[in-house]
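Dear colleague,

I am passing on the structure below, together with some notes on what turned up when I went through it. Please read them with the coordinates open beside you.

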Amino acid sequence: MAPKAEEDKIALTEKQIQDLKAAFTTGSFDQLTKPLQDAFSSLENISLNVAVVGESGEDRANFINIFRDLCEEDEGAAAPTAKGEARKTPVAYPHPKYPKVILWDLPDIGDPGFSAKRYTEKMDVASYDFFLILASQHFRSFHVNLARYIKKAGKGFYFVRSKVEADLESVRQSNPASFNEMVTLQKIREDCLQDLQAEKVRSPKIFLISSILLSKYDFYLLEEALEKSLDLPKSHSFLLATPNSSHRILEKKKDMMLEHLWLVAVVACGIQTDAIPDISVVCNVDLLVRTLRGYCISFGLEEESLRRTAEHVVQPIEQLRALVRSPLAAAVSKGLVVDLLIQAASRAPNLPKQLVPMASVGLSFAVVYSMLKAFVEDVATDAHRLLVKVFMSHKGTSEPETSVSKALENQGHS
């Protein structure tokens, strides 16, 4: 365990320190708070529109539902997986936790007479942030033609091979004695590469995903690819909405939250503040309540998320609650926040040395920052603990992340 002084040290960039120093010198956060409040609001309210396309409505619906942590039984919210009458217009499926993150189920592609040009014109490609092009078996010419028109419109696209677990099971049953999951996965990947290369796609990159568990195969690599291609606010929005399907994704969420702690702390200390009894701290407790609840929701520490996880691992929800040491989202109250602030004040958080002369002015900032940091680290630890429980319930069904990463890197760069 790190020394306590290190645990409570406030890590800021030089630019952040200089901005805070200027604010502390005047004795007010007002000048700094307005632009930070605008930036903070944009992180919470940024919209993201994800287009999901493919020849099978069932494949698209499965992906849309699993990404939003829903099943078909969730009437009114889940995308229907049963085959129905072909649609001609897109259908929006907002994320249940982040309603401005919307997955769009676009009409089928690949029917006789299909024209990628007419399709992209009718679907208004410009209204989406990026496209996921799904195939459950082979990538064909219509997948590639569609990708080319999407690229012409200036939008990003990703080839996604779905239903991988069905192929693995088929090979396993056909060759139980010689079955090797990694070899089979590589064969699926090579077949996809050959399909796309036959259509003159240079150095294609394919992401293999499961229609059951996003923790398997290449989903986290897809998330990383999107992180690099989207602008920062939209990348953060996608990450927050991403299911907690791997330890890497959990760490990315934690890192993103830690990166913005100074911003949250400044805003909380600069608008509609109240004095905290017994400690020399003034801050916006209501804002901190909403922020901590948001952290819990993103890490799945809420009653509904725990219920779904319990159903998924077929275990009583009480066993999952016993793994969680942090409060669930609904339990975060003004009283709890005040208690956490008092605990943070007792740890005497360390301001950067450049801000020490303004310590009397910066005390509120330091305490709020320290409290937020400790809370994020605690809820992230609980989320990791829950994920281990999920992994243990599916032990042996996921390939190691490092192996997946190496396999994808071998494909080259898009």
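In strand 4, Ile133 is the bridge partner of Val53, and this pair belongs to the contact between strand 1 (residues 48-54) and strand 4, which run parallel and are joined by five bridges. Please keep in mind throughout that this is a predicted model.

From strand 4 (residues 130-135) the pairing continues to strand 5 (residues 156-161), again in parallel, with six bridges between them; here Ala135 has Arg161 of strand 5 as its bridge partner. Arg161 also has a bridge partner in strand 6, namely Leu208, and strand 5 and strand 6 (residues 206-208) run parallel with three bridges joining them.

These pairings form part of an open sheet of six strands, whose order is 2-3-1-4-5-6 and whose pairing is mixed. Strand 2 (91-94) and strand 6 are the edge strands, each of them pairing on one side only, and from one strand to the next the twist averages 30°.

Two helices can be placed against this part of the sheet. Helix 6 (residues 141-152) forms, with strand 4 and strand 5, a β-α-β unit that is right-handed, while helix 9 (residues 219-229) lies across strand 4, strand 5 and strand 6 and runs at about 175° to strand 5.

Two helix pairs are also worth describing. Helix 7 (residues 164-174) packs with helix 8 (residues 181-198) at an angle of about 125°, the axes being 10 Å apart, which means that helix 7 is oblique to helix 8. Their crossing is right-handed, and in the contact Val164, Asp167, Leu168, Val171 and Arg172 of helix 7 meet Glu181, Thr184, Leu185 and Ile188 of helix 8. By residue class, this contact of helix 7 with helix 8 comprises five nonpolar, one polar and three charged residues.

For helix 10 (residues 232-241) and helix 11 (residues 247-259), the packing angle is about 130° and the axes are 10 Å apart, so helix 10 and helix 11 are likewise oblique to each other. The crossing of helix 10 and helix 11, however, is left-handed. On the helix 10 side the contact involves His236, Leu239 and Leu240, which meet Ile249, Lys252, Lys253, Met256 and Met257 in helix 11; the residues of this contact divide into five nonpolar, one polar and two charged.

With best regards

Technical notes. Residues numbered from 1 in each chain as written. Predicted model: local features only at pLDDT ≥ 70, side-chain atom pairs only at ≥ 80, totals over all residues. Heavy atoms only, no water. Axes fitted to C-alpha atoms, helices over the stretch in contact; angles between N-to-C directions. Helix = DSSP H or I, 4+ residues; strand = E, 2+ residues; numbered from the N terminus. Parallel < 35°, antiparallel > 145°, perpendicular 65-115°, else oblique. Left-handed = near helix turned anticlockwise from the far one by under 90°. Contact = heavy atoms within 4.5 Å. Nonpolar A, V, L, I, M, F, W, Y, C, P; charged D, E, K, R; others polar. Pairing = 2+ DSSP bridges. Right-handed = clockwise from strand over helix to strand, strands pointing away.
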